[in-house]
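Work through the exercises below with the sequence and the model open. Try each task before reading its solution.

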Amino acid sequence: MESNNLVCVPVEHNSEFLWCVFEKNTDRVIKSFYFEEEALEYIRFVQTGGAFNGRTPAFILTEFSTKSKVDINEEFSYKLN
């Protein structure tokens, strides 16, 4: 799911699979969930006026500080060869 500023993306972190709500304006993961449905519900909450209107302060973020800028093709090239 994607909104104007938020996107729900699957991420592997510390050997766990999480659904992360990524805030494009601040280039940060603002919250993570074990279930996609919970992440989508959080996006709906933010879209209806909850949270910080797309500008989450860095001190609020404790789980992740920024979204990794990884070249997916480079990361998985070893699996394709």
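**Exercise 1. Identify the residues of the aromatic cluster, then describe the ring pairs.**

Step 1. One aromatic cluster is formed by Phe-33, Tyr-42 and Phe-45. Rings of Phe, Tyr and Trp (its six-membered ring) pair if their centres lie within 6.5 Å; planes under 30 degrees apart count as stacked, over 60 as edge-to-face and the rest as tilted.

Step 2. Count the pairs: the structure holds 3. In one of them, Phe-17 and Trp-19, the ring centres are 5.6 Å apart and the planes stand at 85°, so this pair is edge-to-face.

Step 3. Turn to Phe-33 and Tyr-42. Their pair is tilted, with 5.8 Å from centre to centre and 45° between the planes.

Step 4. Add the accessibility. Buried means under 20% relative accessible area, exposed over 50%, and partly exposed in between (1.4 Å probe, protein chains only). Phe-17 is partly exposed at 48%, whereas Trp-19 is buried at 16%. Phe-33 is buried at 12%, and Tyr-42 is buried at 17%.

**Exercise 2. State how far the model can be trusted.**

Step 1. This is a predicted model, where local features need pLDDT of at least 70 and side-chain atom pairs count only at pLDDT 80 or more, while totals for chains, interfaces and linings use all residues. Residues are numbered from 1 along each chain as its sequence is written, and side-chain values use heavy atoms, with hydrogens and water left out.

Step 2. pLDDT is the predictor's confidence in each residue, from 0 to 100. The chain has a mean pLDDT of 75, and 58% of its residues reach 70 or more.

Step 3. Compare the elements. Helices (H or I, at least four residues) and strands (E, at least two) are DSSP runs, numbered from the N terminus. Confidence is highest in α1, at a mean of 89, and lowest in helix α2 (residues 72-80), at 61. Where pLDDT is low, the predicted coordinates should not be read in detail.

**Exercise 3. Map the largest nonpolar core.**

Step 1. A nonpolar core is a set of buried Ala, Val, Leu, Ile, Met, Phe, Trp, Tyr and Cys residues joined through side-chain atoms within 4.5 Å. The largest one has 11 residues, including Leu-6, Trp-19, Ile-30, Phe-33 and Tyr-42.

Step 2. Assign the elements. Two or more residues each come from β1 (6-13), β2 (16-23), β3 (28-33) and α1 (36-47). The most come from α1, with 5.

Step 3. Look at one member. Leu-6 lies in strand β1 and is buried because its relative accessibility is 3%. Its C-alpha atom is 9.4 Å from that of Val-29, 23 residues apart along the chain.

Step 4. Another core, of 6 residues, lies apart from the largest one; Val-9, Leu-18, Cys-20 and Phe-22 are among them.

**Exercise 4. Explain why Cys-8 and Cys-20 are not bonded to each other.**

Step 1. A disulfide is a pair of cysteine sulfur atoms within 2.5 Å. The search of the whole structure finds 0.

Step 2. The closest cysteine sulfur to that of Cys-8 is in Cys-20, 8.1 Å away, which is too far for a bond.

Step 3. Both are buried: Cys-8 at 8% relative accessibility, Cys-20 at 1%.

**Exercise 5. Describe the backbone and setting of Ser-15.**

Step 1. Most residues other than glycine have a negative phi. Ser-15 has a positive phi, near 65°.

Step 2. Ser-15 sits in the loop between β1 and β2. It is exposed, with a relative accessible area of 71%.
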